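Please find below my comments on the model under review. They are arranged as numbered points, each on one topic.

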Amino acid sequence: MADTLTITDNRTGRTYEVEVTDDTISAMDLRQIKVDDDDFGMLSYDPGFKNTASTRSDITYIDGAAGVLEYRGYPIEQLANNASFLEVCYLLLKGELPTASEYEEWTYEITHHTFIHENIKDFIDGFHHDAHPMGMLVSTVAALSTFYPEAKDATDPDTRHLQMTRLIAKFPTLAAFAYRHSIGWRPAYPDNELSFAGNFLNMMWKTTELRYEPNPILEKAMDQLFILHADHEQNCSTTTMRTIGSSDADPYSAAAGAVAALYGPKHGGANEAVLRMLEEIGSVDQVPEYVHRAKNGEFRLMGFGHRVYKNFDPRAKVIKDLAHDVFEVTGKNPLIDIAVELERIALEDDYFVERKLYPNVDFYSGIIYQAMGFPTSMFPVLFAIGRIPGWLSQWQENLLDPAQAIARPRQVYIGERDRDWLPMDQR
Ligand code: SDX
């Protein structure tokens, strides 16, 4: 049997042979299907791109039915339990885990790019005291593009590597500086003696001590949480990063767009929305009432459901286990009892089972973040710190893919045509 589709257009009786590659057809092969020769040709219509592959990629593999997630072929469980976040950043960007010497050089590079220009600190000082840190992150990431104009030449590999290093290194600094602004504290500057995660905790929590010493269990948990968020193939914010990058915009501008897309409660903003939902539920005995209301469509169970995972999100399983390590240090967050009960009831209820709604990465992460002392508004910012290496690896792949072009979808026009101008007094 040939790897083709035979399409019969019943409007004309014509048939077409279309190549099948990797279980896909090229949308451009549909354009030959016409009724009249001067027709534009057939398009596929796919709002939300629910059934459209936008690229070929060898970065992240997801099997939504089996609950499998692999970065460059390595299962997420193995990476979360054995690798450091910086090892995973290197893996995503380069395609291979670093050797000891490569890792030492990479760690040195990241450690020595954590500072930001003092003018950016001044921008942060200009925000209102209750500005949402995601709004500050979108703005300051975009502002970075004005400090590194050479970033526009992303085709040069050394320039591209330097910008990607700067973005990975500076996201924690921008995040922590935004947080310190929101509580009216001076920023705590990077400490090059600490690990990536340890330095982030230093910039968040350092007070009067001469040198901040991160709790090793919380430092490890923070690093693992960054790993679990590092990439997730063609999600909304990654598609945004690729789309902006497809116009040859610089990576800082593309990353600012990706942060903006992540901010939405249907995406990375869900971890913040989950916490607010659990706090609103308030106690385990209120869970059945809220499940009933969700089934009535009164609201969505935030942290549940996924476009790709249709039985479980492997990240949610790892994060749920991670919670117990953190609670050993911080004390148990009582909201986890509500979350566990919500998960138990939902997974037994036909409404959720029929719709294949299971806890996703955002369902348990916020409970851990809150126990670690992060304010709810910082939760999507933590997601962004983890995701920046994924956005960059996908942006780079898009930039280097000869099959790619500037993103410019078509449309089905359903509006009016050929209308004549009416003067104001005749409308
Ligand atoms: C992330 O894409 C990624 O990979 C994202 C991410 C990543 O790492 O980048 O994994 C991170 O964004 C995780 C998702 C976080 N978002 C949430 O937890 C918000 C709540 N979830 C939903 O809004 C929803 O499930 C989505 C947005 C995640 C997925 O939406 P889809 O695939 O477009 O599904 P849908 O909205 O078409 O819903 C299908 C059905 C609908 O019911 P019917 O209209 O068919 O009767 O399921 C229902 C929805 O109403 N439904 C829910 C629900 N999610 C979907 N009902 C109740 N609660 C929910 N959470």
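Which residues make the nonpolar surface patch of about 430 Å²?

1. The patch in question is formed by Y45, V412 and I414. As the model is predicted, this assignment should be read as a property of the computed coordinates.

2. Y45, one of the contributors to that nonpolar patch, is located in the loop that links β2 (14–19) to β3. Its relative accessible area is 68%, and Y45 therefore counts as exposed, since the cut-off for that class is over 50%.

3. The strand β3, which follows the loop holding Y45, belongs to an open sheet of three strands. The order is β3-β4-β5, with antiparallel pairing. The edges are occupied by β3 (60–63) and β5 (74–75), each of which pairs on one side only.

4. Within this sheet, β4 (residues 68–71) is joined to β5 by two bridges in the antiparallel sense. Y71 is placed opposite Y74, a residue of β5.

5. The surface also carries a patch of positive charge, in which K50, K266, R300, R307, K310 and K356 gather.

6. Is K266, a member of the positive patch, buried or exposed? K266 has a relative accessibility of 79% and so counts as exposed. K266 is found in the loop between α10 (251–262) and α11 (270–281).

Definitions and conventions. Residues are numbered from 1 along each chain as its sequence is written. This is a predicted model: local features need pLDDT of at least 70, side-chain atom pairs count only at pLDDT 80 or more; totals for chains, interfaces and linings use all residues. Side-chain values use heavy atoms; hydrogens and water are left out. Patches are made of residues with over 30% relative accessible area and no salt bridge: like charges are joined within 9 Å, nonpolar side chains (Val, Leu, Ile, Met, Phe, Trp, Tyr) within 5 Å. Accessible areas come from the Shrake-Rupley method with a 1.4 Å probe; for residues, only the protein chains shown count as cover. A salt bridge is a side-chain nitrogen of Lys or Arg within 4 Å of a carboxyl oxygen of Asp or Glu. Lys and Arg count as positive and Asp and Glu as negative; His and the chain ends are not counted. The place of a charge is taken as NZ of Lys, CZ of Arg, CG of Asp or CD of Glu. Helices (H or I, at least four residues) and strands (E, at least two) are DSSP runs, numbered from the N terminus. Buried means under 20% relative accessible area, exposed over 50%, partly exposed in between (1.4 Å probe, protein chains only). Two strands pair if DSSP finds at least two bridges between them.
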